[in-house]
Every structure is written in C-alpha cells, then in structure tokens.
Amino acid sequence: MVRFRTLLTSCMFAIFSCVASEQEVLVTTDFVLKAGASEIRTLHIHKPEHLEQLAMIGFNPVKALSVDCVLRLYTASDVLLGSYNCAERQNHSFQQSLSGATKFKAQIEVTNNNFTEANTSFSVINRFKFVSLAR
C-alpha cells in the first residue's frame, strides 16, 4: 500500500510539474469590398521563440451581413494544413504535432454577398495559439 501511494504521488508530481505555457498571436485584417466582390490576402505568422508548436487556430465572428470567409493555413514550404470557415466564431485544435515549424502562411479569401449596400466594411480576427510544455 505504501509503495502504491509513493507511485501515485510520483505520477501526480510528474503531471503537475509539467506547466503549460501558451500565447495567442492575434491578426486583424480589415476589408472594404463592393457588393459581390472577392479578395484574397496572404499573412505570414511567426511562432514566438519560447514556444514549441502551433496548437489551435480560432476565429472571431465577422460582424457583417452575408460575408463568406475561408482561411487556408500552410507551412512555410506551402504544404496545406487545413481550410477553415473564418466567418463564424470557432476554434480548431490540431491533432497532429506542428512542432519544428517556425513560420506559417495563412491565405484569407473573403466574398461580400451583401447586395443591400454598395460597399461593406468588416474585419476578420484570427487567433493563432502557440504552446510549449516546460518540465
């Protein structure tokens, strides 16, 4: 019984001594589009030096009527990691480890489907969450 408690205490110490460090990189992109117009912009996201991997990408809602928004995330060598709807508030966690990469490329494609006004202005807010486990 004493041996079990010692083992349990050791395991709990190992779990709680592993402190997660994280940082979100926020990128806001402003658009003014005519009705029916589309635009694609490319962003370069750099991993903070003290963190190890990209763990999540998130989006705040686009506060505009009838705007389609797609974000395509690539590695620095142009390998597609995923395509995401960035018009709605949501988060996407990565199942695979993205450690080792220091730079990512994001392409945002937006389309203004609001035909009630000549122009629509809106912002797309992207959150890139980087994490590191310090032991």
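**Long-range contacts and an open antiparallel sheet**

In the protein chain, 81% of the contacts with a separation of 6 or more are between residues 24 or more positions apart. The model behind this figure is a predicted one. Its protein chain has 135 residues, and 36% of them count as buried. The accessible surface of the chain adds up to about 8,400 Å², with carbon and sulfur atoms holding 54% of that area.

As for the elements themselves, the protein chain has 1 helix and 8 strands. Reading from the N terminus, the order is α-β-β-β-β-β-β-β-β, so to put it plainly, the helix comes ahead of the strands.

Next comes the sheet. Here 4 strands line up as S2-S7-S4-S5, making an open sheet with antiparallel pairing. Strand S2 (38–46) and S5 sit at the edges with a single partner strand each, so one side of each has no neighbour in the sheet. From one strand to the next, the twist averages 15 degrees.

Within this sheet, strand S4 takes part in two of the pairings described here. On one side, S4 (residues 67–75) pairs with strand S5 (residues 80–85) in the antiparallel sense, over 5 bridges. Leu 73 faces Gly 82 of S5 across this pairing. The two strands make a hairpin, with 4 residues between them. One residue in the turn, Asp 78, has a positive phi of about 65 degrees. The other pairing takes S4 to strand S7 (residues 103–112), again antiparallel, with 9 bridges joining the two. In this case Thr 75 is the residue that stands opposite Phe 104 in S7. As a general point about such elements, side chains in a regular strand alternate between the two faces of the sheet.

Away from these pairings, Ala 55 gives a handy example of residues brought together from separate parts of the sequence. Ala 55 belongs to strand S3 (residues 53–60). From Ala 55 to Lys 129 there are 74 residues in sequence, yet the C-alpha atoms of the two lie 5.8 Å apart in space. Lys 129 is also among the contacts of Ala 55 once neighbours within four places in sequence are set aside. The others on that list are His 92, Ser 93, Phe 94 and Val 131.

Terms used. Residues are numbered from 1 along each chain as its sequence is written. This is a predicted model: local features need pLDDT of at least 70, side-chain atom pairs count only at pLDDT 80 or more; totals for chains, interfaces and linings use all residues. Side-chain values use heavy atoms; hydrogens and water are left out. Buried means under 20% relative accessible area, exposed over 50%, partly exposed in between (1.4 Å probe, protein chains only). Contact means heavy atoms within 4.5 Å. Accessible areas come from the Shrake-Rupley method with a 1.4 Å probe; for residues, only the protein chains shown count as cover. Two strands pair if DSSP finds at least two bridges between them. Axes are lines fitted to C-alpha atoms, for helices over the stretch in contact, and angles run from 0 to 180 degrees between N-to-C directions.
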